[in-house]
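Me: I have a structure in front of me and I would like to learn how to read it. Could you take me through it step by step?

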Amino acid sequence: MNPDYQRLFPEFKDVDPTELENTSALYGHAKRVMKAVENAVSSLDDAFSFAGYLEELGRRHKARALKPSYLDVRNTQMSFFMKMSGCD
């Protein structure tokens with residue numbers, strides 16, 4: 001994980017990067033991210049519900065001081081993994 005990104009996550013900021021992939025905190029975060037993707041996909045047919053979900057997700061992440069470039073990297077990674085999974 002990029003150290004700049006790692007500092008944005010309170011549960012990861014003090015973990016040695018070489019040990020990070022073996023932590024339950026990273027596993028838990030990955031599960032939450034995938035649940036967020038599932039929730040987003042599930043609510044695509046309901047624009048009102050989808051907008052509410054995205055607003056709440058944004059509220060929860062507001063304190064993290066995310067930069068647009070961080071989201072660009074995340075989008076690139078997400079696209080890569082979706083293509084690798086056959087979801088292109």
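Me: What pattern does the protein chain follow, read along the sequence?

Reply: Start by listing the helices and strands in order. Here the protein chain reads α-α-α-α, with four helices and zero strands. Keep in mind that this is a predicted model.

Me: How do I describe the overall dimensions?

Reply: Picture a box drawn around the C-alpha atoms along the principal axes. For this protein chain the box is roughly 40 × 30 × 25 Å. You can then look at the outside: the accessible surface comes to about 7,100 Å², and 58% of that belongs to carbon and sulfur atoms.

Me: What share of the residues of the protein chain count as buried?

Reply: A residue is called buried when its relative accessible area is under 20%. In this protein chain, 15% of the 88 residues meet that description.

Me: Why does His29 count as buried?

Reply: Compare its value with the cut-off. His29 counts as buried because its relative accessibility is 18%, and the limit for buried is under 20%. This residue sits in helix α2. Leaving out residues up to four places away in sequence, His29 touches Phe9, Glu11 and Phe12.

Me: Is Ser43, in the loop between α2 and α3, buried or exposed?

Reply: Use the value again rather than guessing from the loop. Ser43 is buried, with a relative accessible area of 8%. The loop that holds Ser43 runs between α2 (24-42) and α3 (47-61). Setting aside residues up to four places away in sequence, the contacts of Ser43 are Ser49 and Phe50.

Me: And Met84, is that residue buried or exposed?

Reply: For exposed, the value has to be over 50%. Met84 is exposed, because its relative accessible area is 59%. You will find Met84 in helix α4, which covers residues 68-84.

Me: Which residues form a nonpolar patch on the surface with Met84?

Reply: Look for nonpolar side chains that group together on the outside. Met84 shares its patch with Phe80 and Phe81, and together the three have about 370 Å² of accessible area.

Me: How do I read contacts across the whole chain?

Reply: Check how far apart the partners are in sequence. Among contacts with a separation of 6 or more in this protein chain, 33% are between residues 24 or more positions apart.

Me: How many positive and negative side chains does the protein chain have?

Reply: Count each kind, then compare where the two sets are centred. The protein chain has 12 positive and 13 negative side chains, and the centres of these sets lie 5 Å apart.

Technical notes: Residues numbered from 1 in each chain as written. Predicted model: local features only at pLDDT ≥ 70, side-chain atom pairs only at ≥ 80, totals over all residues. Heavy atoms only, no water. Patch = residues over 30% accessible without salt bridge, like charges linked within 9 Å, V, L, I, M, F, W, Y side chains within 5 Å. Areas by Shrake-Rupley, 256 points an atom, 1.4 Å probe, with all protein chains shown as cover. Salt bridge = Lys/Arg side-chain N within 4 Å of Asp/Glu carboxyl O. Helix = DSSP H or I, 4+ residues; strand = E, 2+ residues; numbered from the N terminus. Buried < 20%, exposed > 50% of the residue type's maximum accessible area, 1.4 Å probe, protein only. Contact = heavy atoms within 4.5 Å. Lys, Arg positive; Asp, Glu negative; His and termini not counted. Charge placed at Lys NZ, Arg CZ, Asp CG, Glu CD.
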